[in-house]
Amino acid sequence: MANGATEPEFDVVIVGSGVAGALVAHRMAEARLRVTILEAGGVAPDSLGRSAMVNSYATSPSKATDSPFCGEDILAPQPAPVNPTNYYDYDNNYKKDQFKSFYQRLIGGSTWHWQGLWVRMLPNDFRMKSEYGAGVDWPLTYHELEPWYAQAEYEMGVAGDDDEVAEYLEPRFGAYRSRPYPMPGLAPSFLDSHVASAVDGRSLSGIPLRVTSVAHAVNSRPFDGRPAAMGTVRACHSVQLRPGTKPWSMSKKRWRLALSCGARLSSRA
Ligand SMILES: Cc1cc2nc3c(=O)[nH]c(=O)nc-3n(C[C@H](O)[C@H](O)[C@H](O)COP(=O)(O)OP(=O)(O)OC[C@H]3O[C@@H](n4cnc5c(N)ncnc54)[C@H](O)[C@@H]3O)c2cc1C
């Protein structure tokens, strides 16, 4: 370069700062690789405190998924929650590849928003073509992926019911687990218990019915330096705004660790 100045050099460029980018950046920066992360979106008003986001959501007429993060400098163009099929309308080349869902384009990606449901795929989900004649089979099996599922559960902090797995999911679906959940399952809500008492023991077309819980990436007890979640964690799409809930905080922790190991992060890139 002119004047002897040098361009920064990197071993790895990560595009996107969601949970996948956060975990990869941390591991690579820890291994002393020079990492830079390019993120299309901006920085959510976390520095103002979560109350700013709660307020933004509470005062939004739409109460849409992006309501907590409103602000011109925060969100990169993204699918509109009210009409996700128009995401690529600004570029005719992409019209044929409509993205019929929505996600968050800001630092942290969709961890800001996900509900914390933690559902592993079942072994047959990897064999959709050979088992059911639909789609294509995955190039890997449940058993090959299982150790990584377990590792991710300890990274995220997942609360789930091991007894249910042993009594039901493993014998019925072969959903083997190499490690127990990091935390016991969340307590069922009043509604959960009520529905279970009405449904359990019945059958539909000869298939016995049983209400089971869903594992959540939400603390059921203090874990990884974070408190147990407060109050209900079910069926609310702004799970990140409540203390003790996990995914964005986990992602943020990974970012901080990655940056402390020397990784660089550029927003609005
Ligand atoms: C409302 C909602 C609820 C959800 N609930 C659940 C749930 O309960 N359980 C569950 O398992 N999953 C859930 N999900 C899905 C889950 O959040 C995502 O699968 C996960 O967060 C994806 O992580 P990621 O790192 O792969 O990608 P993302 O989090 O999508 O991150 C991608 C990042 O890349 C950036 N980016 C994209 N293109 C570019 C570019 N060209 N240049 C630079 N940056 C770019 C984006 O801005 C974004 O920050 C939910 C998602 C939403 C939106």
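Of the 27 residues around the ligand, those that come nearest are Gly16, Gly18, Arg105, Gly109 and Trp114. The model is a predicted one. Its chain has 269 residues, and 26% of them count as buried. The points below take up the ligand shell, the chain as a whole, the sheet, and the unit built from S1, H1 and S2.

**Ligand shell**

- Helix H1 supplies the largest share of the shell around the ligand, with 3 residues.
- Sorted by class, the shell holds 13 polar, 12 nonpolar and 2 charged residues.

**The chain as a whole**

- The secondary structure consists of 7 strands and 7 helices.
- Along the sequence, these elements follow the pattern β-α-β-α-α-α-β-α-β-α-β-β-α-β.
- Among contacts in the chain with a separation of 6 or more, 62% are between residues 24 or more positions apart.

**The sheet**

- An open sheet is formed by 3 strands in the order S1-S2-S7, with parallel pairing.
- S1 and S7 are at the edges and have a single partner strand each, so one side of each strand has no neighbour in the sheet.
- From one strand to the next, the twist averages 20°.
- Strand S1 covers residues 12-15 and runs parallel to S2, to which 4 bridges join it.
- Two positions illustrate this pairing: Val12 has Val35 of S2 as its bridge partner, and Val13 stands opposite Thr36 in S2.
- Strand S7 covers residues 264-266; S2 and S7 run parallel and are joined by 3 bridges.
- In this second pairing, Leu38 stands opposite Ser266 of S7.

**Strand S2 and its two faces**

- S2 spans residues 35-38, and its two faces differ in cover.
- Val35 and Ile37 make up the covered face, whereas Thr36 and Leu38 make up the uncovered one.
- Val35, on the covered face, is the residue that bridges to Val12.
- Thr36 and Leu38, on the uncovered face, stand opposite Val13 and Ser266, respectively.

**The unit of S1, H1 and S2**

- Together, S1, helix H1 (residues 19-30) and S2 make a β-α-β unit that is right-handed.
- H1 lies across both S1 and S2 and runs at about 165° to S2.
- H1 therefore appears in two parts of this briefing: H1 belongs to the β-α-β unit, and H1 gives the shell around the ligand its largest share of residues.

Key: Residues numbered from 1 in each chain as written. Predicted model: local features only at pLDDT ≥ 70, side-chain atom pairs only at ≥ 80, totals over all residues. Buried ≥ 20, exposed ≤ 12 C-beta atoms within 10 Å, placed from the backbone. Pairing = 2+ DSSP bridges. Right-handed = clockwise from strand over helix to strand, strands pointing away. Near = placed C-beta within 6 Å. Nonpolar A, V, L, I, M, F, W, Y, C, P; charged D, E, K, R; others polar. Axes fitted to C-alpha atoms, helices over the stretch in contact; angles between N-to-C directions. Contact = placed C-beta atoms within 7 Å.
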